[in-house]
Amino acid sequence: MIAYDLRCAKAHVFEAWFGSSADYDDQKARGLLACPLCDDRAIEKAVMAPAVGAKGNQRAGGAPEDPKALLAKLAEMQAKLEASSDYVGDRFADEARAIHLGEAEARAIYGEATPADAKALAEEGIPVAPLPFRTRKRADA
């Protein structure tokens with residue numbers, strides 16, 4: 001197995017494992033590689049730096065958190081959210097409004113909304129927030 005740091009056209013960096021460099025080349029050629037954050041298929045190998053120990057005179061706090069660790073945390077958060085919420089797809093705005101007005105069962109939902117729909121919901125006082133990832137249901141469609 002070989003691990004590559006990969007980067008999409010939007011500069012998201014993530015790690016992927018392949019049986020060999022030929023497996024990477026084959027999957028790339030067939031369009032099977034996609035960014036786990038934005039589903040971008042324009043994937044290239046990122047520059048990989050060797051693991052080098054920190055110097056003894058480094059300031060407290062050190063370097064920012066590892067991007068791969070942040071992606072792992074984001075994936076964990078996504079799994080928890082999706083397991084504890086109902087996916088309503090393109091009906092998100094209508095469902096959120098119905099829940100807010102008491103016309104539907106109160107529950108956690110997620111889905112897709114146009115920017116205009118999201119703005120209208122916010123103006124109506126309906127709490128909504130964009131997700132920091134593309135939903136797996138939408139990504140698999």
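## A buried acid and its partner

Let's start with Glu 95: with a relative accessibility of 18%, this residue counts as buried, because the cut-off for buried is under 20%. Keep in mind that this is a predicted model.

Glu 95 has a salt-bridge partner in Arg 107, and their closest N and O atoms sit 2.8 Å apart. The two residues come from distant parts of the chain, twelve residues apart: Glu 95 belongs to helix H3 (92–100), while Arg 107 lies in the loop that runs from helix H3 to strand E5 (109–111). How accessible is Arg 107? Its relative accessibility is 25%, so Arg 107 counts as partly exposed.

## A shared network

Some salt bridges have partners in common. Asp 5, Glu 15 and Lys 68 are joined this way into one network. As for the overall tally, the structure holds ten salt bridges.

## Asp 26 and Arg 30

Another of these contacts pairs the side chains of Asp 26 and Arg 30, at 2.9 Å from N to O. Is Arg 30 buried or exposed? Arg 30 counts as exposed, because its relative accessibility is 54% and the exposed class begins over 50%. Asp 26, at 35% relative accessibility, falls in the partly exposed class.

## Asp 39: backbone and side chain

Asp 39 is worth a look for two reasons. On the backbone side, Asp 39 has a positive phi of about 65°, although this residue is not a glycine. You'll find Asp 39 in the loop between helix H1 (21–29) and strand E3 (44–45).

On the side-chain side, which residue does Asp 39 meet in a salt bridge? The partner is Arg 41, with an N to O distance of 3.6 Å. Arg 41 has a relative accessible area of 46%, so this arginine is partly exposed.

## Ala 11: another positive phi

Ala 11 is also not a glycine, yet its phi is positive, at about 75°. Where does Ala 11 sit? Look in the loop between strand E1 (2–7) and strand E2 (13–18). Ala 11 has 52% relative accessibility, so this alanine counts as exposed, given that exposed means over 50%.

## Quick recap

For a tour of the model, begin at the salt bridge between Arg 107 and Glu 95, then go to the network of Asp 5, Glu 15 and Lys 68. After that, check the two loop residues with positive phi, Ala 11 and Asp 39.

Technical notes. Residues numbered from 1 in each chain as written. Predicted model: local features only at pLDDT ≥ 70, side-chain atom pairs only at ≥ 80, totals over all residues. Heavy atoms only, no water. Helix = DSSP H or I, 4+ residues; strand = E, 2+ residues; numbered from the N terminus. Buried < 20%, exposed > 50% of the residue type's maximum accessible area, 1.4 Å probe, protein only. Salt bridge = Lys/Arg side-chain N within 4 Å of Asp/Glu carboxyl O.
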